[in-house]
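Let's talk through the charged pairs in this one. Have a look at the structure first, then follow the questions below.

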Amino acid sequence: MDTFCSFKQKEIINICDGFRFGYASDLVLDLPCGQILDIIVPIQTKNGFFCSKDKEYRIPWCAVKKIGKDIILVEIDSHTSCLRRRD
């Protein structure tokens, strides 16, 4: 069993194209159903700074294929399809 703290330390990588999303900052939960809906990953520039406070990747939980010791593998056709603005 993992905690959210250990979950945040795993890098999220797309198995379709090798794109490195980064590290989870938050989760979207459906509390009444007890399910994780999305993983939220802030967008970063190449030098490591956050690109924008109003943009993030929202990776659907159903895209998660494997959770390993150090990484989370997801399967997404295009990483731009996960790009969302914060509300």
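Q: How many salt bridges does a search of the whole structure find?
A: Keep in mind that this is a predicted model. Side chains of opposite charge can pair when their charged atoms come close. Searching the whole structure for such salt bridges gives a total of four.

Q: Is E11, the salt-bridge partner of R20, buried or exposed?
A: R20 and E11 form a salt bridge, and their closest N and O atoms sit 2.8 Å apart. R20 has a relative accessible area of 54%, so R20 is exposed. For E11 the value is 13%, and buried means under 20%. That's why E11 counts as buried.

Q: Which strand holds R58, the partner of D38?
A: D38 pairs with R58 in a salt bridge, with 3.8 Å between the closest N and O atoms. The two come from distant parts of the chain, 20 residues apart, and D38 is in strand β4 (residues 35-42). R58 is in strand β5 (residues 55-60).

Q: Which residue is linked with D38 and R58 in a network of salt bridges?
A: D38 is buried at 17% relative accessibility, while R58 is partly exposed at 29%. These two belong to a network of salt bridges, and the other residue linked in it is E56.

Q: How many residues apart in sequence are the parts that E75 and K65 tie together?
A: E75 forms a salt bridge with K65, the closest N and O atoms being 4.0 Å apart. E75 lies in the loop between β7 (71-74) and β8 (83-85), and K65 is in strand β6 (residues 64-67), so the pair ties together parts of the chain whose separation in sequence is 10 residues.

Terms used. Residues numbered from 1 in each chain as written. Predicted model: local features only at pLDDT ≥ 70, side-chain atom pairs only at ≥ 80, totals over all residues. Heavy atoms only, no water. Salt bridge = Lys/Arg side-chain N within 4 Å of Asp/Glu carboxyl O. Buried < 20%, exposed > 50% of the residue type's maximum accessible area, 1.4 Å probe, protein only. Helix = DSSP H or I, 4+ residues; strand = E, 2+ residues; numbered from the N terminus.
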